[in-house]
Amino acid sequence: MGRSFEVRKASMAKTQGAKIKVYSKYGKEIYVCAKNGGSDPDSNLSLRRLIEKAKKDQVPGHVIDKAIDKANGGGGENYEVARYEGFGPGNCAVIVDCLTDNNNRTYMDVRQCFVKNDAKIGSPGAVSHMFEHQAVFQFAGDDEEGVLEALVMADVDVTDIEAEDGVITVFAPHTEFFKVKNALSDHLGDTPLDLEEITFVPQTNTEVSGEDVERFEKFLDMLNDCDDVQNVYHNAELV
């Protein structure tokens, strides 16, 4: 139904060092979420979603428990959300979300990733208008109309549904995440959700080709190596 969506899931960490970095990023995000919204997943829905996502990415339970216990302690670091926007190699739009205890350090680290890869960091709002903040679900199936009917009957606000090559993708406002998830779980039964996340979905894609492809891949690697970077969203389509 209109827009195509390419799932960009990070490959499983192949080294212990990479795994530790993933655990650290989840631990930091869970700590901030629990500290700001409460440590009970039943009342803090953002925390519940984050814990479920961490478990799906094979983050050990002790990492999750430690982050929540730390938030309950009342002390610890004072992390802030920082978002940077700009244009990556090939002029693609990029959003970089961070959690930081030192804004100046984080800005300089992220800025260096842009500068060293023929990219340009912009001001707040430079590219975010080119994305939609949405809940995205993906699972095996081809009965697009049946899924839509189930969601409508559950009074869920759906933005779009696509069916392609035996895979159905559901897009909804990010505020509808749990309503969509519950409705899909009731409708699908034993069929697992292969993707369930809140993300920034680009309204249009930008083709990145030639030498810019290598620059773009290096650019992403550098951003992912930054300790404060949590998520990177982009509209690049590598050709």
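Trainee: What should helix 3 span at 1.5 Å a residue?
Mentor: Helix 3 (residues 61-72) has 12 residues and should span 16 Å. Its end C-alpha atoms are 17 Å apart, which agrees. The expected span is 1.5 Å times one less than the number of residues. Helices (H or I, at least four residues) and strands (E, at least two) are DSSP runs, numbered from the N terminus.

Trainee: Anything to know about the model itself?
Mentor: The model is predicted, with local features needing pLDDT of at least 70 and side-chain atom pairs counting only at pLDDT 80 or more, while totals for chains, interfaces and linings use all residues. Numbering starts from 1 along each chain as its sequence is written, and side-chain values use heavy atoms, leaving out hydrogens and water.

Trainee: Back to helix 3. Which residues are buried?
Mentor: V63, I64, A67, I68 and A71. Seen down the helix axis, they fall within an arc of 130°, so they line one face. The arc is that of the directions from the helix axis to the C-beta atoms. Buried means under 20% relative accessible area, exposed means over 50%, and partly exposed is in between (1.4 Å probe, protein chains only).

Trainee: And which residues are exposed on the other side?
Mentor: H62, K66 and D69.

Trainee: New topic, sheets. What is the strand order in the one with strand 4?
Mentor: The order is 5-6-4-7. That sheet is open, has 4 strands and pairs antiparallel. Two strands pair if DSSP finds at least two bridges between them.

Trainee: Which are the edge strands?
Mentor: Strand 5 (160-164) and strand 7 (195-202). Each pairs on one side only. On average, neighbouring strands here are turned by 25° against each other, direction ignored. Axes are lines fitted to C-alpha atoms, for helices over the stretch in contact, and angles run from 0 to 180 degrees between N-to-C directions.

Trainee: How many residues of strand 4 are buried?
Mentor: 7 of its 10 residues, which makes strand 4 mostly covered. Strand 4 has 8 bridges to strand 7 and 7 bridges to strand 6. Both pairings are antiparallel.

Trainee: What are the bridge partners of F137 and A135?
Mentor: F137 has E196 in strand 7. A135 has A172 in strand 6.

Trainee: How many bridges for strand 5 and strand 6?
Mentor: 5 bridges, in the antiparallel sense. E164 stands opposite V167 there.

Trainee: Which helix lies across these strands?
Mentor: Helix 5 (residues 144-153) lies across strand 4 (131-140), strand 5 and strand 6. It runs at about 155° to strand 5.

Trainee: Now the sheet with strand 9. What's the order?
Mentor: 3-1-2-9, again an open antiparallel sheet of 4 strands. Strand 3 (120-121) and strand 9 (229-234) stand at the edges. Each has a single partner strand, so one side of each is left without a neighbour in the sheet.

Trainee: How many bridges join strand 2 to strand 9?
Mentor: 5 bridges, and the two strands run antiparallel. In strand 9, V229 is the bridge partner of C98. Helix 7 (residues 211-225) lies across strand 2 and strand 9, at about 155° to strand 9.

Trainee: Charges next. How many salt bridges are there?
Mentor: The structure holds 11. A salt bridge is a side-chain nitrogen of Lys or Arg within 4 Å of a carboxyl oxygen of Asp or Glu. One of them joins D228 and K28 (3.4 Å, N to O).

Trainee: Where do D228 and K28 lie?
Mentor: D228 is in the loop between helix 7 and strand 9, and K28 is in helix 1 (residues 16-37). The pair therefore ties together parts that are 200 residues apart in sequence.

Trainee: Are D228 and K28 buried or exposed?
Mentor: Both are buried. They also belong to a salt-bridge network with D101 and R105.

Trainee: What about K181 and E196?
Mentor: Their side chains meet in a salt bridge (3.0 Å, N to O). K181 sits in helix 6 (residues 177-188) and E196 in strand 7, 15 residues apart. K181 is buried, at 13% relative accessible area.

Trainee: Last one. Which residue forms a salt bridge with K179?
Mentor: E176, with the closest N and O atoms 3.9 Å apart. K179 counts as partly exposed, at 37% relative accessibility. E176 is buried, at 13%. E176 lies in the loop between strand 6 and helix 6.

Trainee: Which residues does E176 touch?
Mentor: D155, V156 and D157, not counting residues up to four places away in sequence. Contact means heavy atoms within 4.5 Å.
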